[in-house]
Amino acid sequence: MTILKYIFPQGFEWGTATSSYQVEGNNLNSSWAPFEEKSGTILNGDKSGTACDWWAGSRWKEDFSRASANAQNAHRLSLEWSRIQPNPDVWNEEALDVYREMIRGAISNGLKPLVTLHHFSDPIWFSEIGGWENPDAPQIFDGYVEKTVSALKPLVSDWIPINEPNVYIFNGYLMGNFPPQKKFAVRSALKVLVNMLRGHANAYETIHRLQPEANVGTSVNVHGFFPARNNLRDRFLTRQFDKVFNGSFLDVILNGSVSLVGYRINEKKAKNTQDFVGLNYYTASQIQTSTKWTEIMTFPEGTLLSDTGFIGHEPEFFEKMLLWAKKFKKPIIITENGTENRDDHFRRTYLAEHLIYMWRAISNGAPVKGYYHWTLVDSFEWERGWIHPFGLWELDRETQKRTRRNSADFYKKIASKNALESEDILHFAPDVFKRAIGE
Ligand code: BGC
């Protein structure tokens with residue numbers, strides 16, 4: 001029988017990723033709180049509510065001990081700016097104490113913390129002064145970064161200032177389904193992009209000033225794009241999607257400038273401000289020119305899909321994006337990858353095959369140092385509410401009871417062996433085994 005054994009580099013980080021607003025519950029000073037109250041903003045009128053009860057009930061304790069027993073050795077979490085700075089001139093020391101305790105808890109469970117300072121959620125006071133469109137936003141953000149990093153640096157050395165600027169801008173300023181709900185506001189979107197680049201660059205400098213040994217990286221959502229038909233128009237449009245979505249933020253970090261559909265952005269200060277490149281990869285789409293909005297970006301017929309069709313199974317583009325990221329000449333960390341699937345059949349296939357393609361990319365020279373599965377336990381999925389269970393553990397929101405999915409057992413095998421092996425693939429994802437041996 002054919003034996004498969006995909007071995008990962010020594011010292012590889014195997015973790016899961018979470019974000020504060022999605023797990024803590026009752027983040028009432030965040031711009032998402034009033035947003036959730038508006039009608040029609042969140043699917044089915046869902047509310048984040050107590051979420052996974054990490055704040056009031058400190059249930060991060062049980063989740064971290066599960067992650068630890070699951071052979072994970074790292075955890076990516078985020079801090080809620082609106083808790084630490086509930087008003088422009090107020091610092092909430094108690095909130096910092098809670099985060100200290102939480103991060104100590106991660107460390108004592110053998111989970112190395114990777115800490116995100118901004119994950120989609122802004123303080124209400126900040127959004128009231130224009131949020132990231134305000135020309136002072138980078139300095140204001142820097143105040144929060146300075147305060148927080150000074151407080152937590154004895155415990156944390158790996159930082160991500162801003163999660164997925166591209167998704168934040170796309171949803172908040174082009175699609176209108178995140179606060180501040182602007183639609184096709186291209187000028188605003190560009191302002192936010194520039195200010196987030198400046199915010200990131202300031203944070204990079206500030207963190208290194210406070211903590212010279214720190215690792216400060218990005219976390220950008222990368223999406224595979226391919227032309228639906230092999231014609232000039234589809235190929236051209238595909239390149240634009242790729243450039244705007246995948247390239248806008250990271251290309252400035254690489255080169256100090258970028259040209260985006262007629263706009264030039266020059267931010268020399270942002271050049272070379274990442275010690276690692278963090279990539280969130282979920283899926284890939286085909287692109288075609290069409291007068292119907294819904295036909296422009298789709299999954300090809302026959303693509304294996306997650307429960308609601310939100311994520312198409314396109315693992316080979318994961319390898320492509322990792323090879324593309326070699327150009328940054330920095331260590332790569334997969335800061336998110338995962339899928340929504342309640343009965344867990346698809347998740348195991350998705351996990352196995354993405355790790356095989358990640359291994360291929362590593363074998364072809366992509367310096368991947370860690371993988372953080374999205375996510376540890378089902379959490380509040382933004383404007384999509386609670387319909388997307390992404391967790392290795394299922395959450396019962398009534399009782400807060402967690403139930404492990406089979407994928408958690410699969411992940412434990414992989415993390416504990418630092419390898420993906422035949423017996424585990426055959427047991428957890430037999431369809432992937434067949435594909436891998438070419439059957
Ligand atoms: C975000 C997460 C989100 C995940 C799955 C990513 O774009 O960073 O907050 O839950 O996608 O939808």
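**Exercise 1. In this predicted model, find which residue just after helix H5 takes a positive phi, and describe how H5 starts.**

Solution. Just after H5, the residue to look for is Gly 110, whose phi is positive at about 75°. Turning then to the start of the helix, one finds Asn 92, a side-chain oxygen of which comes to within 3.0 Å of the backbone nitrogen of Glu 94.

**Exercise 2. Check whether the span of H5, residues 93-108, agrees or disagrees with the expected rise of a helix.**

Solution. H5 has 16 residues, and at 1.5 Å a residue these should span 22 Å. The expected span is 1.5 Å times one less than the number of residues. The C-alpha atoms at the two ends are 22 Å apart, so the model agrees with the expectation.

**Exercise 3. List the buried residues of H5 and say what covers them.**

Solution. Taking buried as under 20% relative accessible area, the list for H5 reads Ala 95, Leu 96, Tyr 99, Arg 100, Met 102, Ile 103, Gly 105 and Ala 106. Their cover includes the helices H1 (20-23), H3 (60-69), H4 (81-84) and H7 (137-152), together with the strands E3 (74-78) and E4 (112-118).

**Exercise 4. Describe the surroundings of the ligand, beginning with how many residues surround it.**

Solution. The ligand is surrounded by 14 residues, of which the closest are Gln 22, His 119, Glu 164, Glu 336 and Glu 381. By class, this shell has 6 nonpolar, 4 polar and 4 charged residues. Looking next at individual atoms, a polar side-chain atom of Gln 22 lies 2.8 Å from a ligand oxygen, while for Asn 163 the corresponding distance to an oxygen atom of the ligand is 3.2 Å. In Trp 382, a side-chain N or O atom is 2.9 Å from an oxygen atom of the ligand. Of the 310 Å² of accessible area that the ligand has on its own, the protein covers 95%.

Note on methods:
Residues numbered from 1 in each chain as written. Predicted model: local features only at pLDDT ≥ 70, side-chain atom pairs only at ≥ 80, totals over all residues. Heavy atoms only, no water. Helix = DSSP H or I, 4+ residues; strand = E, 2+ residues; numbered from the N terminus. Buried < 20%, exposed > 50% of the residue type's maximum accessible area, 1.4 Å probe, protein only. Contact = heavy atoms within 4.5 Å. Polar contact = N/O pair within 3.5 Å; in protein donor to acceptor, adjacent residues only side chain to side chain. Near = heavy atom within 4 Å. Areas by Shrake-Rupley, 256 points an atom, 1.4 Å probe, with all protein chains shown as cover. Nonpolar A, V, L, I, M, F, W, Y, C, P; charged D, E, K, R; others polar.
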